[in-house]
Structures are given as structure tokens and as C-alpha cells.
Amino acid sequence: MLLPGVCVTAVESRPAGGGTAHAIEAVGELSQSPGGQGHRPFGARVKAFVALTKPRVIELLLMTTIPVMFLAAGGVPDLWLVLATCIGGYLSAGGAAAFNMYIDRDIDALMDRTSQRPLVTGMVSPRECLVFASVLTVGSTAWFWAFVNPLSSMLSLGALLFYVIVYTMILKRRTSQNIVWGGIAGCMPVFIGWSAVTNSVSWAALVLFLVIFFWTPPHYWPLSMKAKDDYERVGVPMLPVIAGNKVVARQIVLYSWVMVGVSLLLQPLGYTGWFYTAVAAACGAFWLKEAHALQARAKAGITGAKLKEMRLFHWSITYVSLLFVAVAVDPFLR
């Protein structure tokens, strides 16, 4: 779940079809129709509200939550607890995503990558989105409190508020370090998964928290390099907007080395065995190969499609998936 982190850091990677011009045209058609809302079929409305929760991102968030529950339990955790945590995580992450779309609806309308979001097309009104996000927030907090435990409930709410207020409202449009510190919200599902099982946190959870923290920038910056023109157009100072590809690639390599190093700490601390360590080392080595290859292309002045920055972005999703599957499997092989 990379819960309100959903953000985590994790992001939608598919460019929206139609671009900005199509978005403006769609909004215009809706506003000119009777009632200002246009024809909004029920099925399309349902899909639009689901889209507000960014379900593709939440898939990745859940991938970091469930395996941690296996590690915390030393085997198979209570399956009802897993289901309850996933439901709460989806509601919380969905609420954070909906608040994000409400706040960013002005720039979403101007970016090709986000031009098909429900508020831009008019399929969902801003007021409906705000109410929907608020209901999900209250519902997820109450759900965690009732069916998981109060600690997980507070961690979930804290992650949501951090993502919405600190990242979306404060950092995103003000600093190139937005994704670095804003990514903290995307690390919280690790703590939530661990606390759901143990009603506490631990060094193992902290290590995995740090893995996601150092994973988020080199995961997101390649996508930002691809969407640089979009971010520049709306004045969002993502690192690729204010720095050249060489600088961004160097930062990606630095964060990558730290991430891989941190990922190997679980065995010395006694939380995992040979299987996790082997997977972490192999996946980390391939990650570093891709990161250095991107840096080499950037240093050579390669731009456009030949820069192949999205290779690392796509691998980053595979990397974190394989790493956390290893977290879940390792307790059965010790």
C-alpha cells in the first residue's frame, strides 16, 4: 500500500491520452451542457470515483504492507488482520489521492500526464471530490481503530495528513526536494504493516522504512525527467526542471547506492536469512547497473528517447516488488 503514500511515492506512469487540449475541450463541453455537468453515465461516474483513489498506485502500496506483516509474524499472519489492514490502507491511500487531485486540479488540467483525471474532465466536481476524500479519511481512521489497532490508525492518519499537507500543499510547488521529504508518507505503510501485527514498531520496520525513503527519489526522478516539460509548464520545481540531466542522474546514483546498502542491513540485525539477502543483493546489483547506465548516457549528453530514463522507472517498480516478496518468503526458509 504505500499508503498516503500512496505517494509514496509511487506514481501513475501512463501518459494520459489526448493531452491538455483534449482536457480543455472536455471541460468546455461539460460546462456548456444543461446544468453545467453534461451527460455523466452512472458507470462512468463509478469509474471516475475509483480513479480518484489511484488504484494502480495503491497496488504498489499494498505490496510493501502485506510482506512486512509476514515478517512481523514470522510466518503467516492472521488472514482477517491482513484483509482488514488492506481495506484500511486502500481507504486511507484513496483519501490522500483524492485530496491530492482536489488540490492539484489547476495544474492537472495543464499537464498531459494528468489531463484525463476526473476533476479535469468534469466527471467529478471539486465539491464531490472533497466530500469523497473526507469520507475516506474518516472511514479509514475509524476502520483501523476498530479492526486493527489504535497505533495503526494513528500512523495511517499521520501518513495521510503528511502527504496532503506537507507534500501536496507545502513542498510540491516550492522546492526541488519535494519528492525526497514528501516521500516519507509513502514509507509509512511499512510501519503500519508491522504495527498491525505487533502493535509496535521495530528496527526491522525502520530499515524497510528507510529502503522506501531512499528508493522514492530515484524511482520518481526518471519519470520527472520524462515529464519535465509538463512540470516546467505548471511551475512545479521537480529536480529535473531546475537541474540538468547530469545532476539528476548523479543524485539518482547516490540515492541508489544508499538504498541498496540499507536493504542489506536486515540480515546483520537478525531479521532475515539467506534468501532475502540473496534477492536484495541481486536486485540491488541490477538496479545499480541501470542507474549507472542512465548516468553514463546523461554525461554523454544524450537526450530524448535515447536517454531511456524510463528503463529505471519501470525497473524500480519490479525491484521493490521482488524485494518485498522476498521479505514475505524469507521467514519460511529460515
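## Surface patch and two helices in a predicted model

Val76, Leu79, Trp274, Phe332 and Leu333 together make a nonpolar surface patch of about 570 Å². The model discussed here is predicted. Within this patch, Phe332 has a relative accessible area of 49% and is partly exposed. Phe332 belongs to the segment that follows α16 (309-329).

Two helices, α7 and α10, are described next. Their lengths and spans are set out below.

| Helix | Number of residues | Reach, first to last C-alpha | Expected at 1.5 Å a residue |
|---|---|---|---|
| α7 | 22 residues | 31 Å | 32 Å |
| α10 | 15 residues | 22 Å | 21 Å |

For α7, which covers residues 126-147, the reach is close to the expected value. The reach of α10 is likewise close to its expected value.

Which residues of α7 are buried? They are Cys129, Ala133, Leu136, Thr137, Ser140, Thr141 and Phe144. Viewed down the axis of α7, these buried residues fall within an arc of 120°, so they line one face of the helix. On the other side of α7, the residues Arg127, Val135, Val138, Trp145 and Ala146 are exposed. The cover over the buried residues of α7 includes α2 (42-52), α4 (79-103), α6 (118-121), α8 (150-171) and α10 (184-198).

Helix α10, one of these covering elements, is itself mostly covered, with 12 of its 15 residues buried. Among the buried residues of α10 are Cys187, Met188, Pro189, Val190, Phe191, Ile192 and Trp194. Gly186, Gly193, Ser195 and Ala196 are also buried in α10. Just after this helix, Asn199 adopts a positive phi of about 60°.

Methods: Residues are numbered from 1 along each chain as its sequence is written. This is a predicted model: local features need pLDDT of at least 70, side-chain atom pairs count only at pLDDT 80 or more; totals for chains, interfaces and linings use all residues. Side-chain values use heavy atoms; hydrogens and water are left out. Helices (H or I, at least four residues) and strands (E, at least two) are DSSP runs, numbered from the N terminus. The expected span of a helix is 1.5 Å times one less than its number of residues. Buried means under 20% relative accessible area, exposed over 50%, partly exposed in between (1.4 Å probe, protein chains only). The arc is that of the directions from the helix axis to the C-beta atoms. Contact means heavy atoms within 4.5 Å. Patches are made of residues with over 30% relative accessible area and no salt bridge: like charges are joined within 9 Å, nonpolar side chains (Val, Leu, Ile, Met, Phe, Trp, Tyr) within 5 Å. Accessible areas come from the Shrake-Rupley method with a 1.4 Å probe; for residues, only the protein chains shown count as cover. A salt bridge is a side-chain nitrogen of Lys or Arg within 4 Å of a carboxyl oxygen of Asp or Glu.
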